[in-house]
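Student: I should like to learn how charged pairs and surface patches are read from a model. Could we go through them in turn?

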Amino acid sequence: INSLHHLPTPAEQLKVFAEIYRVLKKQGVFLIVEMNVINPIIHFYLSYIFPKLRNIDEGDERWIGEDLIHRSAFTLTDTEYFTFTPDFLPKILLKIFQNIDAYFDNTRLARFGAHVMFTAVKE
């Protein structure tokens with residue numbers, strides 16, 4: 001979850017995919033949860049704001065997308081987008097926003113959620 005983007009190059013990411021593919025049994029499932037940088041606001045936040053607020057990311061991460069999965073040996077079987085609530089909201093507002101998240105997660109706007117989960121299968 002939210003870790004493969006820390007590898008320095010797409011080639012390194014594909015090496016990790018290849019190793020996971022190697023150790024999975026046939027029909028094994030690989031779930032990849034990443035930040036959804038299709039949303040330009042999320043991309044801007046992760047590239048410029050988040051690195052200044054936290055000491056986790058530096059702003060030069062290599063975000064995982066469907067294109068990279070298609071370059072691997074895996075078969076992409078599902079893509080699910082979710083979560084609109086920013087992680088910096090005060091806790092008191094989180095309960096309110098959970099309902100908003102639940103609503104948006106079931107609309108066409110879900111594609112612009114903050115997170116994405118790819119389901120990849122070893123055929």
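Tutor: A salt bridge is a side-chain nitrogen of Lys or Arg within 4 Å of a carboxyl oxygen of Asp or Glu. Side chains of opposite charge can pair when their charged atoms come close. This is a predicted model, where local features need pLDDT of at least 70, side-chain atom pairs count only at pLDDT 80 or more, and totals for chains, interfaces and linings use all residues. Residues are numbered from 1 along each chain as its sequence is written, and side-chain values use heavy atoms, without hydrogens and water.

Student: How many salt bridges does a search of the whole structure find?

Tutor: The search finds 2. In one, the closest N and O atoms of Glu12 and Lys15 are 3.4 Å apart; in another, those of Arg22 and Glu19 are 2.7 Å apart.

Student: Where do Glu12 and Lys15 lie with respect to the helical turn?

Tutor: They are separated by about one helical turn, because they stand 3 residues apart in helix α1 (residues 10–23). Helices are DSSP runs (H or I, at least four residues), numbered from the N terminus. Arg22 and Glu19 are also 3 residues apart in helix α1.

Student: Which of Arg22 and Glu19 counts as exposed, and which as partly exposed?

Tutor: Buried means under 20% relative accessible area, exposed over 50%, and partly exposed in between (1.4 Å probe, protein chains only). Arg22 is exposed at 56%, whereas Glu19 is partly exposed at 39%. Likewise, Lys15 is exposed at 54% and Glu12 partly exposed at 30%.

Methods: Helix = DSSP H or I, 4+ residues; strand = E, 2+ residues; numbered from the N terminus.
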